[in-house]
Amino acid sequence: MTGKCIAILAIAALGGCATASVEDPRMGGVPITNVVEPAAYDVGPVAAAKAAIARIERIDAQLGSVIAIDPTAIDQARRIEARRLSGPLAGTPVLIKDNIEVAGPLPTTAGSLALANNVTNRDAPLVARLRAAGAVIVGKTNLSEWANIRSSNSISGWSAVGGQTRNPYALDRNPCGSSSGSGAAVAAGLVTMAVGTETDGSITCPAAINGIVGMKPTVGLVSRTHVVPISASQDTAGPMAASVRDAALLLAAIAGSDPADPATKEADGHKENYAAALNRGALKGARLGVMRFASGFGTDEPFERALATLRLQGAVLVEIKEFDDHDIGDNEFAVLLAEFKAGLNDYLRSSPAPIPVRSLADVIAFNKRNMAVEMPLFGQDIFEKAQVTKGLSDPAYKKARQTSFRAAGPNGIDRLLKQHRFDALVGPTMPPAWKIDAVNGDQISGSGAGSLAAVAGYPHLTVPMGLAKGLPVGLSFIGPKWSDALMLRLGYAFEQARGGFPAPKFLRSIEESPQIAPHLRPASR
């Protein structure tokens, strides 16, 4: 959806037009007055930016999804209008996760007060590409602090800078992380497009749990330069959007080679016009492996409905009941610890901003000095484990990386696809959202097969497949390296066949929903 469409929700407040009173379907019944018919009015970038900012100011206090509105947003939009830029993203408001640098007055904090002054005046290359496409950067989104790698007892969606992000389907439920703010903001209709980052699940989990589309691209399709890092082998930015088409448009804008990021050297040769290739009939004849080994955890009913939809569209489904992933978990964690220390040290040393930390050791010390604000709810045990790693030349690190990659890629996704002649693998992305628990941290009942794609560096698309007791769950499409366009085509065909998706209603608790509330009362006698 472009800026011309999304600004319609508030255009009459900005100019005199014939209006009507409706409810915005993406706002879950929140009344929106003075709305014009989309087909009857052409909305420009300035109106679109003002409308997005108005929605953030009016709605986000109950979500905590946006850390800061960019004060240059309206000026950006005016320049786009003056240049008469055209294209699918021209004038479209976009939110950026706050571990990605954006030129201007806003710091890039990764959610930590240690980076409160990290104003680098640099655009990450992916942001520069968005600007070139005519997008308006309207603000930065909250995230799990340091992209959720600080503590094994963390609360996803919490950061010292932004506080706790909440799920718009039920405000006492977690939005998942680490791209929690991007997921919740899109789900709530603040924008239709946002950028997240993923190392393992940080795009796909919040997308699934907030009922939106999330795309973790092939690692190396999108530049990581000027993005606060975790893992050189697994990090990537990617689109989080209201629809597969919006995700495809956003991915096409941010993909491409970057000389400063060697992992992207092949990106220009693989990027496509993803939206133009979308096809409602893409599922016909597609062979899909059903990942039963990664299903369950409260998703069975919507998953079976999704599989029925895939069959009706002509897909050939083959069950995969077992998969041995024991070589992935501990080895992946060892890789992340070593790469995080190396990557963060490089990033902090290179920041031109007057920040008080220039190494992971400095951050650990900063957190100890500021425990009351940085560590009131959970600690930094993962930081401390990363600090004692021995570097990227350590044989133990190299062995862990080789073992985990082979288990997830060549002996995992690649072998499954080749053995059964599959086009893609499908399964539930994550369980429904769990409650925010400041005492015990995240209480997650299970997970899908997203780690396979994360460790291998392969594409992973999640599309909303239904509700589990009123909470969204997603359907994952996972394929081989550089199959990003195919995953989008398959996901689009499923999305179109699935039809409309229920919007969030900002319930205080899902127990208030009509699906659940009647069953919590005593049975009548």
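Alanine 110 counts as buried, at 1% relative accessibility. The model is a predicted one. Alanine 110 sits in the loop that runs between β4 (93-97) and α4 (125-132). Its backbone is unusual in sign: phi of alanine 110 is positive, about 50 degrees, although the residue is not a glycine. Most residues other than glycine have a negative phi.

Tryptophan 146 shows a positive phi as well, near 55 degrees, and is likewise a residue other than glycine. Tryptophan 146 belongs to the loop between β5 and β6. With a relative accessible area of 2%, tryptophan 146 is buried. Serine 154 is also placed in the loop between β5 (136-141) and β6 (158-159). Serine 154 has 8% relative accessibility, under the 20% cut-off, and therefore counts as buried. The side chain of serine 154 makes a polar contact of 2.8 Å with the side chain of asparagine 148.

A further backbone feature occurs between glycine 177 and serine 178. The peptide bond from glycine 177 to serine 178 is cis, and its omega is near 10 degrees. Most peptide bonds are trans. Serine 178 lies in the loop between β7 and α5.

The search for disulfides covered the whole structure and found one. The disulfide joins cysteine 176 and cysteine 205, with 1.9 Å between the sulfur atoms. The pair ties together parts that are 29 residues apart in sequence, because cysteine 176 lies in the loop between β7 (163-164) and α5 (180-187) whereas cysteine 205 lies in helix α6. The link of cysteine 176 and cysteine 205 is right-handed, with 110 degrees about the S-S bond. Cysteine 176 and cysteine 205 are both buried.

Helix α6 also contributes to the largest pocket. The space in this pocket amounts to about 1,100 Å³. Its lining comprises 45 residues, and those closest to the centre are Asp200, Gly201, Glu332, Ile444 and Ser451. At least two lining residues come from each of α6 (204-209), α10 (329-350) and α15 (450-456). Helix α10 gives the largest share, five residues. By residue class, the lining of the largest pocket holds 22 polar, 17 nonpolar and six charged residues.

Enclosed space was also examined. Three cavities of 30 Å³ or more were counted. The largest cavity holds about 100 Å³ of space. Its lining consists of 18 residues, and Asn99, Thr197, Thr199, Val228 and Asp235 lie nearest its centre. Strands β8 (193-198) and β10 (236-241) are the elements that give two or more residues to this lining. Seven residues of the lining of the largest cavity are nonpolar, seven are polar and four are charged.

Asp235, one of the residues nearest the centre of the largest cavity, is also contacted by an arginine. The backbone oxygen of aspartate 235 lies 2.8 Å from a polar side-chain atom of arginine 224. The side chain of arginine 224 also reaches the backbone oxygen of alanine 232, at 3.1 Å. Arginine 224 is located in the loop between β9 (213-216) and β10. Its relative accessibility is 16%, so arginine 224 counts as buried. Alanine 237 is part of strand β10. At 3% relative accessibility, alanine 237 counts as buried. A distance of 22 Å separates the C-alpha atoms of alanine 237 and asparagine 174, which are 63 residues apart along the chain.

Helix α16 was examined for length and burial. The helix has 15 residues (residues 484-498), and at 1.5 Å a residue it should span 21 Å. The C-alpha atoms at the ends of α16 are 21 Å apart, which agrees. Buried residues of α16 include Asp484, Ala485, Met487 and Leu488. Leu490, Gly491, Tyr492, Ala493, Phe494 and Glu495 of α16 are buried too. In an α-helix, residues three or four places apart point the same way, because there are 3.6 residues a turn. Glycine 499 follows α16, and its phi is positive, near 85 degrees.

Technical notes. Residues numbered from 1 in each chain as written. Predicted model: local features only at pLDDT ≥ 70, side-chain atom pairs only at ≥ 80, totals over all residues. Heavy atoms only, no water. 1 Å grid on protein atoms, 1.4 Å probe; cavity = no way out; pocket = protein on both sides within 12 Å on 5 of 7 lines; lining within 4 Å. Points joined across faces, edges and corners; volume = space filled by probe spheres on them. Helix = DSSP H or I, 4+ residues; strand = E, 2+ residues; numbered from the N terminus. Nonpolar A, V, L, I, M, F, W, Y, C, P; charged D, E, K, R; others polar. Expected span 1.5 Å × (residues − 1). Buried < 20%, exposed > 50% of the residue type's maximum accessible area, 1.4 Å probe, protein only. Disulfide = S-S within 2.5 Å. Polar contact = N/O pair within 3.5 Å; in protein donor to acceptor, adjacent residues only side chain to side chain.
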